[in-house]
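Colleague: Could you take me through one part of this model in some detail? I'd like to hear about a single helix-to-helix contact and what sits around it.

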Amino acid sequence: MVEPDLKTELRWLLEGHNLRGNDSHYIRVSEKHLQEEYEKAINCLTINEENRLKRTVEILKIDKSQLEAISKDVAFLKRKYKKLKPQTNLF
């Protein structure tokens, strides 16, 4: 759980260890926050490729939608540029 950069104290809690010294009095973490931290580490903790593939699909969907938006912008600018560009016929 070091690779996904989890805080040491949260890592200890997720591993079932007790916090050291006075840390248990100063560190209060909600279950939701612990779950979010655990989800950061799932890819490093599991052998199953399913979660990594789901994440890859999500990233590719986002990339695709960004490319589609850029493509629409470029098409719009091309149409606008054609309207503004004076027609010059050399022949």
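Modeller: Let's go straight to where α1 meets α3: L10, L13 and L14 on the α1 side touch H33, L34, E37 and Y38 on the α3 side, with contact meaning heavy atoms within 4.5 Å. By class, that patch has five nonpolar residues, one polar and one charged; Ala, Val, Leu, Ile, Met, Phe, Trp, Tyr, Cys and Pro count as nonpolar, Asp, Glu, Lys and Arg as charged, and the others, Gly among them, as polar.

Before going on, bear in mind that this is a predicted model, where local features need pLDDT of at least 70 and side-chain atom pairs count only at pLDDT 80 or more, while totals for chains, interfaces and linings use all residues. Numbering starts from 1 along each chain as its sequence is written, and side-chain values use heavy atoms, with hydrogens and water left out.

Now the geometry. The axes of α1 (residues 8–15) and α3 (residues 31–45) come within 10 Å and cross at roughly 95 degrees. Those axes are lines fitted to C-alpha atoms, for helices over the stretch in contact, and angles run from 0 to 180 degrees between N-to-C directions. The two helices are therefore roughly perpendicular, since 65 to 115 degrees counts as that, under 35 as roughly parallel, over 145 as roughly antiparallel and the rest as oblique. Helices here are DSSP runs (H or I, at least four residues), numbered from the N terminus.

E37 is the residue I'd zoom in on. This α3 residue is buried, at a relative accessible area of 7%; buried means under 20%, exposed over 50% and partly exposed in between, with a 1.4 Å probe and protein chains only. Leaving out residues up to four places away in sequence, E37 touches L6, K7, L10 and L14. L34, A41 and I42 join E37 as the buried residues of α3, and this set packs against both α1 and α4. Over in α1, the buried residues are L10, R11 and W12.

A couple of backbone details are worth a look too. α3 bends by about 35 degrees at E39, the bend being the angle between axes fitted to the seven residues ending there and the seven starting there. After α1 comes G16, with a positive phi near 90 degrees.

For contrast, try R28, in the loop between α2 and α3. R28 is exposed, with a relative accessible area of 67%, and its C-alpha is 10.0 Å from that of L10, 18 residues away along the chain.

As for confidence, pLDDT (the predictor's confidence in each residue, from 0 to 100) averages 82 over the protein chain, and 88% of residues reach 70 or more. Confidence is lowest in α2 (residues 23–26), at a mean of 71, and highest in α4 (residues 50–84), at 89.
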